[in-house]
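User: Could you take me through one part of this protein close up? I'd like to see how a pair of helices pack together, and then what lies around them.

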Amino acid sequence: MLRSSTYRGKQKAIISLVLLEIMNFCRQWKPVSAMIAINFAFAITNVLVKKTLDEAVSHVIILMYRQAISAVFLAPIAYFWERKSRPKLTAWMLCQLFLNALIGATLTQYFLLLGLEYTSATFSCAFLNMVPAITFMLALPFGLEKVNIGNKAGRAKVVGTLVCIGGAMVLTLYKGKSLAGSNSNATTHIVNYANTRISSKKKEIRWAIGSVFLAAGSIFWSSWFLLQASIGRTYPCQYSSTAFLSFFSAIQTAIISLITERDFTKWILKEKLEIITVTYTGMVSAGLCYVGMSWCVKQRGPVFTSAFTPLRHWIYPSCDWFIHPALGKKLRGRRN
């Protein structure tokens with residue numbers, strides 16, 4: 001009888017240890033899984049947004065509707081989900097949340113979408129490889145990341161940073177031949193050789209300008225990771241902070257839209273593709289993805305979260321391969 005009870009006790013102890021190890025494993029890999037899913041969703045966003053921009057829709061209008069939909073979508077979730085754990089809002093916290101929206105959503109997405117309009121979705125995804133390197137360099141002065149050149153990990157961080165920046169410079173200065181024909185009017189066949197050279201020169205200028213916009217967007221995005229790390233310590237409610245981010249960003253982009261887009265007929269979304277794009281990017285990209293990134297920043301830090309950004313470069317071609325033909329056949333509406 002004593003042996004039987006001892007045996008059962010050992011069994012329970014072993015099962016408890018196994019369950020504990022499984023829980024620890026899931027806890028460690030949950031941020032990794034979340035960031036992979038987030039970058040997959042962002043890759044789909046790039047496909048939809050680029051297709052919409054090719055239809056001559058203003059990137060500012062897309063951004064305004066996107067942030068507004070995100071705010072409306074997240075507000076009730078944040079209210080009911082975090083109403084008991086949400087800390088009291090102060091004037092200083094509201095100022096921080098407003099700045100968080102300006103840097104993390106408005107300026108970041110404004111320049112990234114502008115760069116996407118001037119270049120291509122594949123190029124913009126590849127250019128974002130700079131984000132982990134910029135985040136790492138910005139985190140050093142604030143003590144959020146440490147480097148020891150004496151060990152392998154420190155040297156690997158320095159080499160990785162140089163590779164990211166060097167790769168972005170190569171993308172900016174060199175552009176190879178296109179592997180697939182574009183559907184844009186700018187890429188139609190030109191018979192005259194002189195006109196071809198002029199068109200190519202204009203594309204190179206647009207590519208360079210787009211690279212500057214993408215670089216600015218990457219710097220603002222990297223800065224947001226650090227700012228979010230600070231806000232996460234004083235306001236640890238991901239849904240509420242993201243809802244405020246979307247709300248303030250919607251106001252900011254509306255002001256920019258009033259300044260840059262005086263023709264209010266451009267504010268009207270007429271085609272199915274435009275409605276699907278702003279709905280998806282608002283609810284998923286600007287909503288759930290930012291909630292997930294805020295949670296990952298809180299759990300593992302800004303450098304860890306930004307390190308998954310290059311995954312988008314590898315995920316995007318697959319998404320484009322499957323989604324792009326479907327968009328061309330099914331989602332494109334007829335303009336009035």
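**Where H3 meets H8**

Analyst: Let's start with the contact itself, keeping in mind that this is a predicted model. On the H3 side, the residues that touch H8 are Leu94, Leu97, Phe98, Asn100, Ala101, Leu102, Ala105, Thr106 and Tyr110. Their partners in H8 are Ser241, Phe244, Leu245, Phe248, Ser249, Gln252, Thr253 and Ile256. Sort this contact by class and you get eleven nonpolar residues, six polar ones and no charged ones.

Now for the geometry. Two packed helices are described by the angle between their axes and by the distance between those axes. Here, the axes of H3 and H8, the helix of residues 238-260, come within 8 Å and cross at roughly 60°. That angle is why H3 counts as oblique to H8. The crossing of the two is right-handed.

H3 also has a part in something else: a cavity. The structure holds one cavity of 30 Å³ or more, and the largest cavity has a volume of about 170 Å³. Its lining is made up of 14 residues, and the closest to the centre are Asn46, Gln109, Leu112, Leu113 and Arg312. Which elements give two or more residues to this lining? They are H1 (2-54), H3 (91-118) and H7 (193-234). So what's the mix of classes in the lining? There are eight nonpolar, four polar and two charged residues.

To put the two views of H3 together: this helix packs against H8 through a contact with no charged residues, and H3 also gives two or more residues to the lining of the largest cavity, where two charged residues are found.

How values were computed. Residues numbered from 1 in each chain as written. Predicted model: local features only at pLDDT ≥ 70, side-chain atom pairs only at ≥ 80, totals over all residues. Heavy atoms only, no water. 1 Å grid on protein atoms, 1.4 Å probe; cavity = no way out; pocket = protein on both sides within 12 Å on 5 of 7 lines; lining within 4 Å. Points joined across faces, edges and corners; volume = space filled by probe spheres on them. Helix = DSSP H or I, 4+ residues; strand = E, 2+ residues; numbered from the N terminus. Nonpolar A, V, L, I, M, F, W, Y, C, P; charged D, E, K, R; others polar. Axes fitted to C-alpha atoms, helices over the stretch in contact; angles between N-to-C directions. Parallel < 35°, antiparallel > 145°, perpendicular 65-115°, else oblique. Left-handed = near helix turned anticlockwise from the far one by under 90°. Contact = heavy atoms within 4.5 Å.
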